[in-house]
Amino acid sequence: ATNRTFTMIKPDAFSAGNSGAILKMIEEAGFKIVAMKATQLTPAIAGKFYEVHSERPFYADLCAYMSSGPIIAAILEKDNAVEDFRKLIGATNPADAAEGTIRKIFAKSIEANAVHGSDSDENAAIEGAFYFSQIERVG
Ligand code: CMP
């Protein structure tokens with residue numbers, strides 16, 4: 001069924017000027033952009049977005065990194081969106097990511113890994129709503 005996922009182009013990819021190339025790969029893979037904006041998070045807002053990871057050893061670094069520069073947030077629509085987007089971006093650690101995936105091509109490290117992708121339909125809805133109100137998205 002057609003459904004939605006949520007993505008962020010992270011500070012490493014944004015500052016390297018790779019946002020356009022990444023969005024091109026996303027569109028060529030069949031995803032439609034149904035909401036999008038550039039913004040910069042504060043450490044507190046990054047901490048809220050990644051609250052589920054608050055007990056992990058990388059949490060403080062992650063919050064600092066995700067607020068270190070601009071990002072792009074977007075909601076994407078496609079058949080089987082969550083699973084297909086995770087395939088398109090590849091493994092969290094770029095060292096483990098398959099050839100041709102966005103992280104394999106653009107990620108710098110397990111933390112500065114170019115893009116975020118929701119891990120479930122439920123989290124896609126929560127994460128999309130974290131960034132976008134109803135008038136900021138299609139449908
Ligand atoms: P993301 O898919 O956005 O979800 C959590 C983020 O934490 C992850 O991508 C990375 O940017 C970051 N991270 C840093 N270290 C790790 C790690 N060891 N395992 C998983 N995620 C990590």
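Here's a quick briefing on two pockets, one helix and one proline in this structure. Bear in mind that the model is predicted. The largest pocket comes in at about 730 Å³, while the second largest has a volume of about 150 Å³. Helix 7 turns up in both: it gives the largest share of the lining of the largest pocket, and it does so again for the second largest pocket.

**The largest pocket**

- Lining this pocket are 26 residues, and the closest to its centre are Tyr 50, His 53, Phe 58, Thr 92 and His 116.
- By class, the lining splits into 10 nonpolar, 7 polar and 9 charged residues.
- Four elements each put in at least two lining residues: helix 3 (43-49), helix 5 (81-89), strand 4 (115-117) and helix 7 (121-131).
- Helix 7 supplies 4 residues here, the largest share.

**The second largest pocket**

- Its lining is made up of Asn 3, Arg 4, Ile 75, Asp 121, Ala 124, Ala 125, Gly 128, Ala 129, Phe 132 and Arg 137.
- Sorted by class, that gives 5 nonpolar, 2 polar and 3 charged residues.
- Strand 1 (2-9) and helix 7 each bring at least two residues to this lining.
- The largest share is 5 residues, and helix 7 provides it.

**Helix 7, inside and out**

- Ala 124, Glu 127, Gly 128 and Tyr 131 are the buried residues to look at in helix 7.
- These four sit on the same side of helix 7, because they cover an arc of only 100 degrees around the axis.
- As background, an α-helix has 3.6 residues a turn, so residues three or four places apart point the same way.
- Flip to the other side of helix 7 and you find Glu 122, Ala 125, Ile 126 and Ala 129, which are exposed.
- The cover over the buried residues of helix 7 includes strand 1, strand 2 (32-39), helix 3, strand 3 (71-79), helix 5 and strand 4.
- Two of the buried residues, Ala 124 and Gly 128, also line the second largest pocket, and so do Ala 125 and Ala 129 from the exposed side.

**Pro 43**

- You'll find Pro 43 in helix 3, one of the elements that cover the buried residues of helix 7.
- Pro 43 counts as exposed because its relative accessibility is 52%, and the cut-off for exposed is over 50%.
- Setting aside neighbours within four places in sequence, Pro 43 is in contact with Cys 63 and Ser 67.
- Pro 43 and Met 66 are 23 residues apart in sequence, yet their C-alpha atoms are 7.4 Å apart in space.

Note on methods
Residues numbered from 1 in each chain as written. Predicted model: local features only at pLDDT ≥ 70, side-chain atom pairs only at ≥ 80, totals over all residues. Heavy atoms only, no water. 1 Å grid on protein atoms, 1.4 Å probe; cavity = no way out; pocket = protein on both sides within 12 Å on 5 of 7 lines; lining within 4 Å. Points joined across faces, edges and corners; volume = space filled by probe spheres on them. Nonpolar A, V, L, I, M, F, W, Y, C, P; charged D, E, K, R; others polar. Buried < 20%, exposed > 50% of the residue type's maximum accessible area, 1.4 Å probe, protein only. Arc of directions from axis to C-beta. Contact = heavy atoms within 4.5 Å.
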